[in-house]
Amino acid sequence: MNLSEQTSLAGLGFTEVGLALMISLALTATCITVIALCARRQPARHVAEVDNFGHINHAVFIFDEQRMISAPRDWREAMDDSGLEGSDWERLHLMLSQRFPGMPELPELPEGETFRIYSATLADDDAVLRIRQVGTRLRITVRENGPGGLSDRHKARLDQIRLKRLQQAVEKISIPVWSMDFDGRILEENPAFTALRQQQTGAHDITAPLLRGSETEHDQPDFTYRVMLDPRGRSPERWYDVSAHRHQGGWHCAAQDMTALVRAELAQRNFVQTLTKTFAQLSTGLAIFDRDRQLILFNPSLVDLTSLSPEFLTSRPTLIHFFDNLRDRQIMPEPKNYASWREQLSALVSAAADGRYQETWSLSSGATYRVTGRPHPNGAVAFLFEDITDEILMTRRFRQQLSLSQSVLDAISDAIVIFDAQGIMSYCNSSYRHLFQIKENADLSEVSIQDAHRMWARRASALGDLDQVLARLTSRREKRAEASEYTLALRGVGEVPCRVQTLVAGACMVSIGPLRDVALVPEAEQRKLGHVPGKRPGSTPQETAAE
């Protein structure tokens with residue numbers, strides 16, 4: 001210390017000197033602390049970001065809701081090259097959520113939380129995902145400890161996860177899967193293939209086609225075949241479809257159990273053969289068209305009824321071509337308008353597809369066909385051709401006989417009515433209609449014996465034997481063949497015989513007569529002719545009044 005400094009310090013007191021020393025010491029300690037903290041933080045920052053080999057071991061992403069505002073360049077490139085769609089957050093979530101399960105679906109933490117850590121899926125993966133939320137912004141940090149680029153290590157971990165899932169799926173799947181070399185040695189197999197080899201004695205046959213020279217050519221990378229394996233013991237045989245894909249050292253194979261399908265195909269084939277034999281014996285012609293309206297099935301009766309050649313039918317003609325040939329051979333009625341022929345066929349097909357088509361074809365040869373269209377599964381349609389010529393002739397002959405019987409009964413002057421076994425009026429002749437004023441077009445299907453009895457009572461001048469006639473008609477105990485004779489007293493006619501006769505099948509016939517001609521004339525006409533209803537010809541006024 002020089003003389004001037006000693007002179008300046010001499011003027012200070014002890015207190016001032018002590019205070020100056022304390023301030024100097026405090027400033028020195030503060031500087032040392034700041035320097036030490038800076039020295040400690042700088043190396044720590046480099047350790048967190050860079051490992052011993054100079055690789056970055058963490059990546060930071062900053063999101064403002066769905067938009068990514070900061071991210072490492074290599075991660076941005078990986079996200080752009082991934083082909084994933086959606087917002088920035090959705091794409092990053094798809095990339096990270098498989099490795100870090102539990103990652104939130106939305107770019108926000110649960111309410112009340114600002115920081116959360118997620119561990120990786122695999123046990124040997126020590127990476128962690130850290131999420132910190134500040135307001136609407138989210139800071140995501142992926143931290144790794146392994147070497148290599150962070151995006152590369154993340155992709156590798158994802159591949160490990162996918163591979164493990166694939167291995168688990170192959171192990172658990174019930175379909176036999178295996179790999180083999182070109183010499184037939186099994187390189188890898190799943191438990192389903194192991195069980196198959198243990199259960200089937202001929203399991204080696206499942207790989208035999210792949211060992212043939214023709215199937216191992218390089219121009220055939222994929223190969224599919226079906227094989228039948230012999231069972232062990234009493235088990236049924238099994239069928240498998242094998243799909244093989246060539247790789248550099250051999251084949252990757254998978255087998256699908258097709259036993260149920262093979263049995264169904266066999267049952268269907270047997271069923272079709274049975275149907276074919278059945279259809280061959282039918283007198284009805286059958287033509288089935290598929291959804292494309294091509295003929296897929298027919299029977300021999302169709303050939304006989306349509307005169308179409310088997311060669312034409314086996315060529316699978318279309319429905320339009322089929323009906324055109326029927327028209328050319330006059331096997332169907334001639335269309336009235338050829339211009340609308342195609343429209344008529346379209347309407348015919350539409351009606352058949354709905355099950356509404358049924359027509360009777362009267363051909364120029366005198367034959368009569370009934371043609372019916374019916375829908376079939378999968379859009380198919382079937383047509384049935386029936387020769388009903390004999391049926392039509394029989395119906396016509398029966399109608400002629402009925403008309404003849406009607407004419408014969410109408411020619412009889414007695415009033416005749418017939419009741420069936422149920423007591424319903426089934427027939428009456430013209431004399432009966434005139435006698436009881438029944439119109440020609442009146443419906444008799446609902447007229448019972450009791451209704452007829454009331455009609456007779458209204459025309460009767462006295463009950464007479466009406467009740468006995470009713471008892472005879474309604475009694476089913478009397479099935480004797482002999483007739484019962486009664487007498488009825490009718491206004492305008494007088495007393496006339498009534499005869500009840502039992503017919504076949506429980507029917508009964510009632511005949512009233514013989515009637516005089518005046519009884520068949522309506523009362524109004526009788527008055528014009530001078531006949532008084534209820535008065536017998538030649539009777540006195542007293543007798544008429546008594547009647």
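## Aromatic pairs, nonpolar cores and salt bridges in a predicted model

A search of the whole structure, which is a predicted model, finds 12 aromatic pairs. One of them joins Trp178 and Phe193 in a stacked arrangement, with 4.3 Å from centre to centre and 25° between the planes. Trp178 belongs to strand 6 (residues 177-181) and Phe193 to helix 6 (residues 191-199), so this pair ties together parts that are 15 residues apart in sequence. Trp178 is buried, because its relative accessible area is 2% and buried means under 20%. Phe193 likewise counts as buried, at 2% relative accessibility.

A further aromatic pair, formed by Trp361 and Phe385, is edge-to-face: the centres are 6.1 Å apart and the planes stand at 65°. Here the partners come from two strands, Trp361 from strand 13 (residues 358-362) and Phe385 from strand 15 (residues 381-387), so the pair ties together parts that are 24 residues apart in sequence. Trp361 is buried, with a relative accessible area of 2%, and Phe385 is also buried, at 1%. Both residues belong to one aromatic cluster, whose other members are Phe289, Phe322, Phe323, Tyr357 and Phe383.

### Nonpolar cores

The largest nonpolar core holds 31 residues, of which Phe419, Tyr432, Trp456, Leu473, Val510 and Ile512 touch the most other members. Both helices and strands give two or more residues to this core. The helices in question are helix 13 (430-435), helix 14 (449-459) and helix 15 (466-474). The strands are strand 16 (415-419), strand 17 (425-428), strand 19 (484-490), strand 20 (494-502) and strand 21 (508-512). Apart from this core lies another, of 29 residues, which includes Phe312, Leu313, Leu345 and Leu348.

Which residues does Tyr432 touch, when those up to four places away in sequence are not counted? Its contacts are Ala415, Ile416, Val417, Met425, Ile438, Ala452, Met455 and Trp456. Trp456 is itself named, together with Tyr432, among the core residues that touch the most other members.

### Salt bridges

The count of salt bridges comes to 13. Three of them are set out below, each with the separation of its N and O atoms.

| Basic residue | Acidic residue | N to O distance |
|---|---|---|
| Arg67 | Asp64 | 3.9 Å |
| Arg91 | Asp80 | 3.4 Å |
| Arg226 | Asp241 | 2.7 Å |

In the salt bridge between Asp64 and Arg67, each partner is partly exposed: Asp64 has a relative accessibility of 21%, and Arg67 has a relative accessible area of 48%.

The salt bridge of Arg91 with Asp80 links distant parts of the chain, with Arg91 in helix 4 (residues 88-96) and Asp80 in helix 3 (residues 73-81), 11 residues apart. Arg91 is buried, with a relative accessible area of 13%, whereas Asp80 counts as exposed at 54%.

For the salt bridge of Arg226 with Asp241, the distant parts that are linked are strand 8 (residues 222-229), which carries Arg226, and strand 9 (residues 238-247), which carries Asp241; the two residues are 15 residues apart. Arg226 is partly exposed at 36% relative accessibility, while Asp241 is buried, with a relative accessible area of 18%. Elsewhere, salt bridges that share partners join Asp80, Asp88 and Arg91 into one network.

### Backbone features in loops

The peptide bond that leads from Gly513 to Pro514 is cis, with omega near 10°. Pro514 is placed in the loop between strand 21 and helix 16 (523-529). Strand 21 (508-512) is also one of the elements that give two or more residues to the largest nonpolar core.

Where do Arg293 and Arg316 lie? Arg293 is found in the loop between strand 11 (285-289) and strand 12 (295-298), and Arg316 in the loop between helix 9 (310-314) and helix 10 (319-328). Although Arg293 is not a glycine, this residue has a positive phi of about 60°; Arg316, also not a glycine, has a positive phi of about 55°. Arg293 counts as partly exposed at 22% relative accessibility, and Arg316 is partly exposed as well, with a relative accessible area of 39%.

Technical notes. Residues are numbered from 1 along each chain as its sequence is written. This is a predicted model: local features need pLDDT of at least 70, side-chain atom pairs count only at pLDDT 80 or more; totals for chains, interfaces and linings use all residues. Side-chain values use heavy atoms; hydrogens and water are left out. A nonpolar core is a set of buried Ala, Val, Leu, Ile, Met, Phe, Trp, Tyr and Cys residues joined through side-chain atoms within 4.5 Å. Buried means under 20% relative accessible area, exposed over 50%, partly exposed in between (1.4 Å probe, protein chains only). Helices (H or I, at least four residues) and strands (E, at least two) are DSSP runs, numbered from the N terminus. Contact means heavy atoms within 4.5 Å. Rings of Phe, Tyr and Trp (its six-membered ring) pair if their centres lie within 6.5 Å; planes under 30 degrees apart count as stacked, over 60 as edge-to-face and the rest as tilted. A salt bridge is a side-chain nitrogen of Lys or Arg within 4 Å of a carboxyl oxygen of Asp or Glu.
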